[in-house]
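Here is a quick walk through one protein chain, written for someone with the model open on screen. Have a look first, then read on.

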Amino acid sequence: MNDFMKLNCDEFLERLASKEPVPGGGGAAALGGAIGAALTSMVANLTVGKEKFLSVEGEMIRLAAASKYLRKELLQLVQEDASVFEAFMKCYKMPKATDLEKELRQIKIQEAAKMAAEIPLKIGEKALAVLLLAAEAAELGNPAVITDAAVAALMARAAVRSAVYNVKINLNLINDQDYCSVLVERIAALEQEALSAEKNILEHTDKVLS
């Protein structure tokens, strides 16, 4: 499988647009979150070193480092999402001529479906972390780049929602209802926190721009 993060932007988008199943929505969500993280770093870096923002320099240095780390994690999740999907598809190609083969195939499909749900959950959690950092950058950072912080937040918010949808579609394939219930609760909490953070940063941005 290709290392998608070694492709340039045009190559990646060409692959995304193709009939190949990977990268797909999960990888796109992770990349969107990574873009949000990069913009958050930019806001922090354009605040650090300016005399009028010395009182928040420590926070901005922390934000720059944290968002850089999240950007790298989300880029790695682009690849992991593709790998999990391909492993999932291989399970459907397993032999099913005998009862034993059918049972083993079903076990492997269930294991793969759980992994296929957990990777987008990770993407959503990392993207939420980016959204919260972007909100902090908008609140404390250089107001000259507040719209960049807002765009960072919106990219991260879209990544959270996209990831949640990818979790949901994979939950439909899982028979373990206790497992599904736990993940449903986690994505509900994720969505609620993301919605609140998005509301706050957009209200703050509109206030600064008015």
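Is Ala-64 buried or exposed? With a relative accessible area of 12%, Ala-64 is buried (buried means under 20% relative accessible area, exposed over 50%, partly exposed in between, with a 1.4 Å probe and protein chains only). Ala-64 sits in helix 3, and apart from neighbours within four places in sequence, Ala-64 is in contact with Ser-41, Ala-44 and Asn-45 (contact means heavy atoms within 4.5 Å). His-204 is 140 residues from Ala-64 along the chain, and their C-alpha atoms are 21 Å apart.

A word on the ground rules. This is a predicted model, where local features need pLDDT of at least 70 and side-chain atom pairs count only at pLDDT 80 or more, while totals for chains, interfaces and linings use all residues. Residues are numbered from 1 along each chain as its sequence is written, and side-chain values use heavy atoms, with hydrogens and water left out.

**The overall picture**

The chain has six helices and zero strands (DSSP runs numbered from the N terminus: H or I of at least four residues for helices, E of at least two for strands). Its C-alpha atoms fill a box of roughly 75 × 35 × 30 Å along the principal axes. Of the 210 residues, 40% count as buried. Among contacts between residues at least 6 apart in sequence, 77% join residues at least 24 apart.

**Salt bridges**

The structure holds nine salt bridges (a side-chain nitrogen of Lys or Arg within 4 Å of a carboxyl oxygen of Asp or Glu). Here are some of them, with the N to O distance:

| Pair | Closest N and O atoms |
|---|---|
| Arg-62 and Glu-136 | 2.4 Å |
| Arg-157 and Glu-191 | 3.0 Å |
| Glu-191 and Arg-161 | 3.7 Å |

Glu-191 lies in helix 6 and Arg-161 in helix 5, so this pair ties together parts that are 30 residues apart in sequence. Arg-157, Arg-161, Glu-191 and Glu-198 are linked in a network of salt bridges. Within that network, Arg-157 is buried at 5% relative accessibility, whereas Arg-161 is partly exposed at 41%. As for the other pair in the table, Arg-62 is partly exposed at 40% relative accessibility, and Glu-136 is partly exposed too, at 24%.

**A buried charge without a partner**

Now for Asp-81, which is found in helix 3. Asp-81 is buried yet has no salt bridge, and the nearest side chain of opposite charge, Lys-122, is 11 Å away (Lys and Arg count as positive, Asp and Glu as negative; His and the chain ends are not counted). Setting aside neighbours within four places in sequence, Asp-81 is in contact with Gly-26, Gly-27, Ile-119, Pro-120 and Ile-123.

**Around Leu-173**

Leu-173 lies in the loop between helix 5 (146-171) and helix 6 (177-209), and Leu-173 is partly exposed, with a relative accessible area of 34%. On the inward side of the accounting, Gln-110 of helix 4 (residues 99-140) counts as buried at 14% relative accessibility. Leaving out residues up to four places away in sequence, Gln-110 touches Leu-173, Ile-174, Asn-175 and Asp-176. Over in helix 6 is Val-184, partly exposed at 43% relative accessibility. The C-alpha atoms of Val-184 and Val-167 are separated by 8.7 Å, with their positions 17 residues apart along the chain.
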